[in-house]
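Work through the exercises below with the sequence and the model open. Each task is followed by a solution in steps.

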Amino acid sequence: MASQVKQAIVSADKAQKLWAARTAHERAVVLQKWSQIILENIEELALILTLEQGKPLAESRVEITSGTAFIDWYAEESKRIYGDIIPSLRNDLQFQVTKEPIGTVAAITPWNFPFSMITRKAAPALAAGCSMVLKPAEATPLTALALAALSQEAGIPPVGF
């Protein structure tokens with residue numbers, strides 16, 4: 001297991017460099033496409049979620065819809081990742097802050113909201129230009145795998161499984 005985690009981190013670090021090199025607008029377009037693909041596959045995803053987690057099908061659909069709202073929000077926010085100019089105590093100095101992706105993000109998600117908690121954690125990391133290594137709950141891995149497959153279809157760089 002430790003060797004798998006190391007390999008996931010190495011793969012994510014490689015993917016992160018590719019992902020961070022894209023502009024904020026390009027990342028936003030890919031995230032919006034991911035959200036769209038998810039909604040196009042809502043019935044299949046809801047069935048996976050229901051069979052795996054036990055929620056009624058209607059609740060699974062609501063979780064998926066709310067999960068895509070996180071993606072949509074951060075896709076739009078990614079376009080507004082601005083730096084700051086901060087005044088100094090001295091008249092001849094000012095501080096410039098540049099916001100840049102810092103690397104790979106690790107996330108652990110629960111069994112009770114496996115879809116929306118993934119998108120709630122992945123969307124801001126991806127919007128900022130970071131990659132992610134995700135450890136889904138052992139009870140709900142298929143939801144995570146389905147989301148990962150759709151993310152790659154949208155154009156998010158794969159990191160391997």
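**Exercise 1. Placing serine 60**

Task: State which helix holds serine 60, decide whether serine 60 is buried or exposed, and list its contacts beyond the neighbours within four places in sequence.

Solution. The model is a predicted one.
Step 1. Serine 60 is part of helix α4.
Step 2. Its relative accessibility is 0%. Buried means under 20%, so serine 60 counts as buried.
Step 3. With neighbours within four places in sequence left aside, serine 60 contacts Ala46, Leu49, Thr50 and Lys55.
Step 4. For one of these residues, leucine 49, the C-alpha atom is 6.2 Å from that of serine 60, although the two are 11 residues apart along the chain.

**Exercise 2. Helix α3**

Task: Compare the expected span of helix α3 with the distance between its end C-alpha atoms, then say which of its residues are buried and what they pack against.

Solution.
Step 1. Helix α3 covers residues 42-53, which is 12 residues.
Step 2. The expected span takes 1.5 Å times one less than the number of residues, so α3 should span 16 Å.
Step 3. The end C-alpha atoms of α3 are 16 Å apart, in agreement with that value.
Step 4. The buried residues in α3 are Ile42, Leu45, Ala46, Leu49, Thr50, Glu52 and Gln53.
Step 5. These buried residues pack against α2 (24-40), α4, α5 and α6 (141-154).
Step 6. Directly after α3 comes glycine 54, with a positive phi of about 100°.

**Exercise 3. Glutamate 52**

Task: Decide whether glutamate 52 is buried or exposed, and find what glutamate 52 touches, not counting residues up to four places away in sequence.

Solution.
Step 1. Glutamate 52 belongs to helix α3.
Step 2. Its relative accessibility is 17%. The cut-off for buried is under 20%, so glutamate 52 counts as buried.
Step 3. Not counting residues up to four places away in sequence, glutamate 52 touches Ala139, Thr140, Pro141, Leu142 and Thr143.
Step 4. Alanine 139 is 87 residues from glutamate 52 in sequence, yet their C-alpha atoms are 7.3 Å apart.

**Exercise 4. Helix α2 and its contact with α3**

Task: Check the span of α2, list its buried residues, and classify the packing of α2 on α3 by angle.

Solution.
Step 1. At 1.5 Å a residue, the 17 residues of α2 should span 24 Å, and its end C-alpha atoms are indeed 24 Å apart.
Step 2. Buried in α2 are Arg27, Ala28, Val30, Leu31, Trp34, Ser35, Ile37 and Ile38. Their cover includes α1 (2-20), α3, α4, α5 and α6.
Step 3. The angle between α2 and α3 is about 75°, and their axes are 5 Å apart.
Step 4. Angles of 65 to 115 degrees count as roughly perpendicular, so α2 and α3 are roughly perpendicular to each other.
Step 5. On the α2 side the contact uses Ile38, Leu39 and Glu40; on the α3 side it uses Ile42, Glu44 and Leu45.
Step 6. By class, the residues of this contact are 4 nonpolar, no polar and 2 charged.

**Exercise 5. Helix α4 against helix α5**

Task: Classify the packing of α4 and α5 by angle, and name the residues that make the contact.

Solution.
Step 1. Helix α4 (residues 57-78) and helix α5 (residues 114-127) meet at an angle of about 5°, and 8 Å separates their axes.
Step 2. Angles under 35 degrees count as roughly parallel, so α4 is roughly parallel to α5.
Step 3. From α4, the contact is made by Glu63, Ile64, Ser66, Gly67, Thr68, Phe70, Ile71, Tyr74 and Ser78. From α5, Pro114, Phe115, Ser116, Thr119, Arg120, Ala123, Pro124 and Ala127 take part.
Step 4. This contact has 9 nonpolar, 6 polar and 2 charged residues.

**Exercise 6. The whole chain**

Task: Give the order of helices and strands in the protein chain and the share of its residues that count as buried.

Solution.
Step 1. The protein chain contains 6 helices and 4 strands.
Step 2. Their order along the sequence is α-α-α-α-β-β-β-α-β-α.
Step 3. Of its 161 residues, 38% count as buried.

Methods: Residues numbered from 1 in each chain as written. Predicted model: local features only at pLDDT ≥ 70, side-chain atom pairs only at ≥ 80, totals over all residues. Heavy atoms only, no water. Axes fitted to C-alpha atoms, helices over the stretch in contact; angles between N-to-C directions. Helix = DSSP H or I, 4+ residues; strand = E, 2+ residues; numbered from the N terminus. Parallel < 35°, antiparallel > 145°, perpendicular 65-115°, else oblique. Contact = heavy atoms within 4.5 Å. Nonpolar A, V, L, I, M, F, W, Y, C, P; charged D, E, K, R; others polar. Buried < 20%, exposed > 50% of the residue type's maximum accessible area, 1.4 Å probe, protein only.
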